[in-house]
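Biologist: Can you walk me through this one? I'm new to reading structures, so keep it plain.

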Amino acid sequence: MDNKERFLSLCSTVRRAGMDELLEWLLEDTDFFEAPASTRFHGCYKGGLVEHSLNVYDEMKRLLVAYPEIKISDESVVLATLFHDLCKANMYKTEKRNRKNSFGQWESYDAYAIEEKFCFGGHGSKSVFLLQHFIKLTPEEGVAINCHMSAFDDNKYVGNAFEQFPFAWLLSAADQSATYIRENKKFGEES
């Protein structure tokens with residue numbers, strides 16, 4: 001099963017009004033399954049965004065075993081992990097850049113760049129906003145997605161959010177674990 005098929009299979013377990021419309025939009029009107037996860041860091045290649053989303057799901061499932069006191073539905077896990085970076089759909093473009101190769105000669109290469117078509121707040125808040133157009137999120141899901149960047153998003157109340165909703169901290173931890181460990185080539189995994 002490829003990443004797109006696995007993503008859609010996990011989404012099929014969510015029985016929430018608007019889910020079909022969300023998936024239709026994702027498949028027909030976005031580049032979600034082809035987009036990178038970033039311009040130059042983790043998942044900077046075609047399909048990196050969907051792969052990263054699945055990695056965050058896998059890390060969340062692992063963390064929930066380590067923290068059995070945090071009770072959360074499978075549906076919430078799927079929604080928060082797979083859509084935490086929804087804001088990155090339709091956000092990147094490719095452009096030509098120049099660099100010196102190993103022989104000291106200039107060469108042209110394709111690179112990703114941000115071309116924000118819909119500016120809406122921060123990283124997490126935009127993902128929540130887009131999701132809420134299709135499905136109703138629980139407060140815990142909304143806070144988790146909104147705060148998944150932790151202090152990287154300059155959210156001075158993120159600690160309070162993590163205290164109130166430990167699932168939000170878990171999503172942040174799963175995202176960072178996927179980014180800095182699972183997708184880090186120096187640990188031997190090719191992402």
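Modeller: A term to begin with: a residue is buried under 20% relative accessible area, exposed over 50%, and partly exposed in between, using a 1.4 Å probe and protein chains only. Lys 61, at 32% relative accessibility, therefore counts as partly exposed. Now the ground rules. This is a predicted model, where local features need pLDDT of at least 70 and side-chain atom pairs count only at pLDDT 80 or more, while totals for chains, interfaces and linings use all residues. Residues are numbered from 1 along each chain as its sequence is written, and side-chain values use heavy atoms, leaving out hydrogens and water.

Biologist: Which salt bridge does the side chain of Lys 61 form?

Modeller: Lys 61 pairs with Asp 74, at 3.5 Å from N to O. The pair links distant parts of the chain: Lys 61 is in helix H3 and Asp 74 is in helix H4, 13 residues apart. A salt bridge is a side-chain nitrogen of Lys or Arg within 4 Å of a carboxyl oxygen of Asp or Glu. Helices are DSSP runs of H or I with at least four residues, strands are runs of E with at least two, and both are numbered from the N terminus.

Biologist: Is Asp 74 buried or exposed?

Modeller: Exposed, with a relative accessible area of 55%.

Biologist: What about the rest of H4, how many of its residues are buried?

Modeller: Eight of the 10 residues in H4 (residues 74–83) are buried, so the helix is mostly covered. Among them are Val 77, Leu 79 and Phe 83. The cover includes helices H1, H2, H3, H5, H6 and H8.

Biologist: Back to H3. Which residue does Arg 62 meet in a salt bridge?

Modeller: Glu 59, at 2.6 Å from N to O. The two are three residues apart in helix H3, so about one helical turn separates them. In general, an α-helix has 3.6 residues a turn, so residues three or four places apart point the same way. Arg 62 is partly exposed at 49%, and Glu 59 is buried at 4%.

Biologist: Which residues make up the network of salt bridges there?

Modeller: Arg 6, Asp 58, Glu 59, Arg 62 and Arg 182 are linked. Asp 58 also has a polar contact of 2.5 Å with the side chain of Arg 6. A polar contact is a pair of N or O atoms within 3.5 Å; within protein, one must be able to donate a hydrogen and the other to accept it, and residues adjacent in sequence count only if both atoms are side-chain atoms.

Biologist: How many salt bridges are found in the whole structure?

Modeller: The search finds 14. One of them joins Lys 96 and Asp 110, at 2.8 Å. That pair links strand S1 to strand S2, 14 residues apart.

Biologist: New topic. What is the nearest side chain of opposite charge to Asp 175?

Modeller: Lys 88, but it is 6.7 Å away, and Asp 175 is buried with no salt bridge. For charge, Lys and Arg count as positive and Asp and Glu as negative; His and the chain ends are not counted. Asp 175 sits in helix H8. Its side chain makes a polar contact of 3.3 Å with that of His 84.

Biologist: And the overall layout, what order do the elements run in?

Modeller: From the N terminus, α-α-α-α-β-β-α-α-α-α. That is eight helices and two strands. Buried residues make up 47% of the 191 residues.

Note on methods:
Contact means heavy atoms within 4.5 Å.
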